[in-house]
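Welcome! Have a look at the sequence and the 3D view, and keep both open while you work through the exercises.

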Amino acid sequence: MSAARADRADAVLEIDLAGIVTNWRLLARRVTPARCAAVVKADAYGLGAPRVSAALAAAGCRLFFVATLDEGIALRGELPACCEIAVLNGPAPGLAEEFVSHCLIPVLNEPGQIATWTAASRRHSCLPAVLQVDTGMARLGLTVPEFEALVRAGPPGHGEIRWRALISHLSCADQPRHPQNNLQRGRFAAARSRLSGVPASLAASSGIFLGPAFHFDFVRPGAALFGVNPQPGSPNPMRQVVRLKGRILQVREVDRGDPVGYGAEHVMDHPGRLATVAIGYADGWLRSLSHKGSGRLGGTRVPLIGRVSMDLVVFDVSGVGPALARPGGSIELLDDDYGLDAAATDAGTIGYEILTALGRRYYRVYRDEPHLC
């Protein structure tokens, strides 16, 4: 976007690429000698998969996971050939050739996908794939009986598919003492023993912090790369990488007893000044943040009052001087002090949803962007 477009933006989302790389390196060091991939599905959790993935590739990441075929196709043109891209949802019927032509690796989740990819691999000679086994989430992946039947019949795709990895996914990794974690680890270790020599991966962001027994050959962090706390209830070891600020459109004086916003749900209990800011639920500032949370103006926390509407929120700026609380100024909604997880707590959700909800109307600024070699 041009400088003129930035000047007329009502809200700015700043994305710290160097911070994302710092988080990836922190996790990579933590799991050594296991390797560290990166999950960049949903447009890198809303932050822009091309720019984020290029930064991670420049830092040494070589394996990326996306959710859909279209995400994989879009990313393939942004990364060097040495980087692998795996598609978690696998190949839909009739689309195997799309994976082949774009050099994408499917994650095979059920017997029909395995049959489809085996046929494609016969045509193209030993194509790579990732096999997923469900160890206790009842979502994607072969059931344990399906996996056992496949192995008893002979190594699945033996001589026809080059197995890039065996993976599964933990359902309770953000609850370290939950018995489901060790149950799933045991089931996964048993499955891995049936496919010797195939790299194995169980842990995503939170699973990394369950310890080395969960790391296997590589890990697959996603939200932790972008600053979401992988250990709820404990200090966040990840660097905050997003900052969000909205333009003040209007400042008004109000009296005690004046209602604010839709439904007149907030009634002023003091005379004061209000700032209307150009962010709303159409921008991903969730309606559940109504009457909750705060922004920062000149180093002072200012409370959000009334309902969040489609394009606007209102802050009580009575405690901030008029020189700062003025039309054309900005209020910070996300920063180092009030990050994704704090906003999620106020909204009654998780940091993942706050992150992925951030809208497309923001003017985006990428900081410390590296260059690929």
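Below are five short exercises, each with a worked solution.

Before starting, note that this is a predicted model, in which local features need pLDDT of at least 70 and side-chain atom pairs count only at pLDDT 80 or more, while totals for chains, interfaces and linings use all residues. Residues are numbered from 1 along each chain as its sequence is written, and side-chain values use heavy atoms, with hydrogens and water left out.

**Exercise 1. Get an overview of the chain.**

Step 1: Start with the secondary structure, which comes to 11 helices and 19 strands. Helices (H or I, at least four residues) and strands (E, at least two) are DSSP runs, numbered from the N terminus.

Step 2: Turn to the extent of the chain: its C-alpha atoms fill a box of roughly 80 × 45 × 35 Å along the principal axes.

Step 3: Check burial. Of the 373 residues, 51% are buried; buried means under 20% relative accessible area, exposed over 50%, and partly exposed in between, with a 1.4 Å probe and protein chains only.

**Exercise 2. Describe how helices α2 and α4 pack.**

Step 1: Two packed helices are described by the angle between their axes and the distance between the axes. For α2 (residues 17-31) and α4 (residues 49-59), the angle is about 50 degrees and the axes are 9 Å apart. Axes are lines fitted to C-alpha atoms, for helices over the stretch in contact, and angles run from 0 to 180 degrees between N-to-C directions.

Step 2: Name the arrangement. The two helices α2 and α4 are therefore oblique to each other; angles under 35 degrees count as roughly parallel, over 145 as roughly antiparallel, 65 to 115 as roughly perpendicular and the rest as oblique.

Step 3: List the residues in contact (heavy atoms within 4.5 Å). Helix α2 contributes Leu-17, Ile-20, Val-21, Trp-24 and Arg-25, and α4 contributes Arg-51, Val-52, Ala-55, Leu-56 and Ala-59.

**Exercise 3. Find the buried side of helix α5.**

Step 1: In α5 (residues 69-76), the buried residues are Leu-69, Gly-72, Leu-75 and Arg-76.

Step 2: Look down the axis of α5: these residues fall within an arc of 130 degrees, so they line one face of the helix. The arc is that of the directions from the helix axis to the C-beta atoms.

Step 3: See what they pack against: α4, β4 (63-66), β5 (84-87) and α6 (96-101).

**Exercise 4. Explore two loop residues, Gly-222 and Met-268.**

Step 1: Place Gly-222 in the loop between β10 (218-219) and β11 (242-254). Its relative accessibility is 2%, so Gly-222 counts as buried.

Step 2: Find its contacts. Leaving out residues up to four places away in sequence, Gly-222 touches Val-39, Tyr-45 and Ser-205.

Step 3: Move to Met-268, in the loop between β13 (266-267) and β14 (272-277). Met-268 is buried, with a relative accessible area of 2%.

Step 4: Locate Asp-316, which is 48 residues from Met-268 in sequence and 9.6 Å away in space, C-alpha to C-alpha.

**Exercise 5. Inspect the backbone at Pro-33, Ala-42 and Cys-103.**

Step 1: Pro-33 sits in the loop between α2 and β2 (35-36). The peptide bond leading from Thr-32 to Pro-33 is cis, with omega near 15 degrees.

Step 2: In helix α3 (residues 41-45) you will find Ala-42. Although Ala-42 is not a glycine, it has a positive phi of about 55 degrees. Ala-42 counts as partly exposed, at 39% relative accessibility.

Step 3: Cys-103, in the loop between α6 and β6 (105-108), has a positive phi near 55 degrees. Cys-103 is exposed, with a relative accessible area of 54%.
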